[in-house]
Amino acid sequence: TMNFYKFIIARLNGRDIEREFDYYLGLVKKGIAGFIVFGGELNTVRQGIRELQKEADGCLIIASDLEQGLGQQLQGGTVFPPAMAVASAVKSSKFKVQSSKLKILRDVFKTVAIEARYAGINTIFAPVLDINTNPKNPIISTRAFGESSESVSFFGCEMIKTLQSHGITACGKHFPGHGDTETDSHIKLPKIKKDIKALSKTELAPFRNAVKAGVKMIMMGHLNVPALDPSGIPASLSQKAVSYLRSKLGFKGIVITDAMNMGGIGRYSEEKAALMALNAGVDILLHPTDP
């Protein structure tokens, strides 16, 4: 029988890594693909991750939402300003960046990578490639690098290249673009009403550029995008959306869902949604409630 654990990245609460170590070790022994780390103290989490890696067959994917650096999750790491603040600090004109400021930008991303690697994290769920085009967006806002596809592409590709040249897998998110929504997909399924031409010009541009820049992973958003899949199935579970990313954008890396415990999977149970995502061609299911 197939071992479905190898398709799952489970939640790891850093604060209870010692207390719950046997639980996490049990998942490793069952062949889990890896963990997404939330919270905890840097050296404790680092030690725990090392122990888990030692027991793993291959290399565990140890991922985290470090859009603002290691300090966003682990005590003892550095916290950087959100993407929008970093971008506006180094932008001079519309989205051109002077060489002196470009060095600062790359140093920020390099520091994020080095600190993450020290902690044992090898995958960062960033950059956010969403464009902040809707002022009513309750969830993306300052997590986006900017308001235009050019600026988001520029900063996103800088982040990808810097993280990946320092041994971290970068993950562009949330395909095909969560910027122009007024709904938080953690709660329910947002709808993106644009036609494919408009999508291609704006939303999809940063993803297209990220693929060209060699991004190794892309996260599918829980987004209803009729232009890609008229059935209303969330992109994260949609074979049409995944194959658009593969064939039209030429992405050959790892495709991962957004967290499976989010309200955005809509009317489906998590089990049903997980099966739909795998059948759609997604490689990894992120953060189910119960692995």
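Me: Which residue in strand 2 stands opposite I9?

Reply: I9 stands opposite G34 in strand 2. The model is predicted: local features need pLDDT of at least 70, side-chain atom pairs count only at pLDDT 80 or more, and totals for chains, interfaces and linings use all residues. Residues are numbered from 1 along each chain as its sequence is written, and side-chain values use heavy atoms, with hydrogens and water left out.

Me: What makes strand 1 and strand 2 a pair?

Reply: Strands (E, at least two residues) and helices (H or I, at least four residues) are DSSP runs, numbered from the N terminus. Two strands pair if DSSP finds at least two bridges between them. Strand 1 (residues 8-13) and strand 2 (residues 34-38) are joined by five bridges; the criterion is therefore met. The two strands run parallel.

Me: How do you know that strand 8 pairs with strand 1 and with strand 7?

Reply: Two bridges join strand 8 (residues 284-286) to strand 1, and two bridges join strand 8 to strand 7 (residues 254-259). Both pairings are parallel. In strand 8, L285 stands opposite I8, and I284 stands opposite I256. The barrel of eight strands is closed and runs 1-2-3-4-5-6-7-8, with parallel pairing.

Me: Why is the unit of strand 1, helix 1 and strand 2 called right-handed?

Reply: A crossover is right-handed if, with the strands pointing away from the viewer, the path from the first strand over the helix to the second runs clockwise. Strand 1, helix 1 (residues 21-29) and strand 2 make a β-α-β unit of this hand. Helix 1 lies across strand 1 and strand 2, at about 165° to strand 1.

Me: Are helix 1 and helix 2 roughly parallel or roughly antiparallel?

Reply: The axes of helix 1 and helix 2 (residues 42-55) come within 9 Å and cross at roughly 30°. Axes are lines fitted to C-alpha atoms, for helices over the stretch in contact, and angles run from 0 to 180 degrees between N-to-C directions. Angles under 35 degrees count as roughly parallel, over 145 as roughly antiparallel, 65 to 115 as roughly perpendicular and the rest as oblique. Helix 1 is therefore roughly parallel to helix 2.

Me: Which residues make the contact of helix 1 with helix 2?

Reply: F21, Y24, L25, V28 and K29 in helix 1 meet G48, E51, L52 and E55 in helix 2, where contact means heavy atoms within 4.5 Å. These residues divide into five nonpolar, one polar and three charged (Ala, Val, Leu, Ile, Met, Phe, Trp, Tyr, Cys and Pro count as nonpolar, Asp, Glu, Lys and Arg as charged, and the others, Gly among them, as polar).

Me: Why are helix 4 and helix 5 called oblique to each other?

Reply: The axes of helix 4 (residues 99-119) and helix 5 come within 9 Å and cross at roughly 50°. That angle falls under none of the three other headings, and the two helices are therefore oblique to each other. The residues of their contact divide into nine nonpolar, one polar and three charged.

Me: What makes P127, P176 and S141 worth listing?

Reply: Most residues other than glycine have a negative phi, and most peptide bonds are trans. The peptide bond from A126 to P127 is cis, with omega near 10°, and a cis peptide bond with omega of about 0° joins F175 and P176. Phi of S141 is positive, near 30°. S141 is in the loop between strand 4 and helix 5, and P176 is in the loop between strand 5 (169-175) and helix 6 (196-201).
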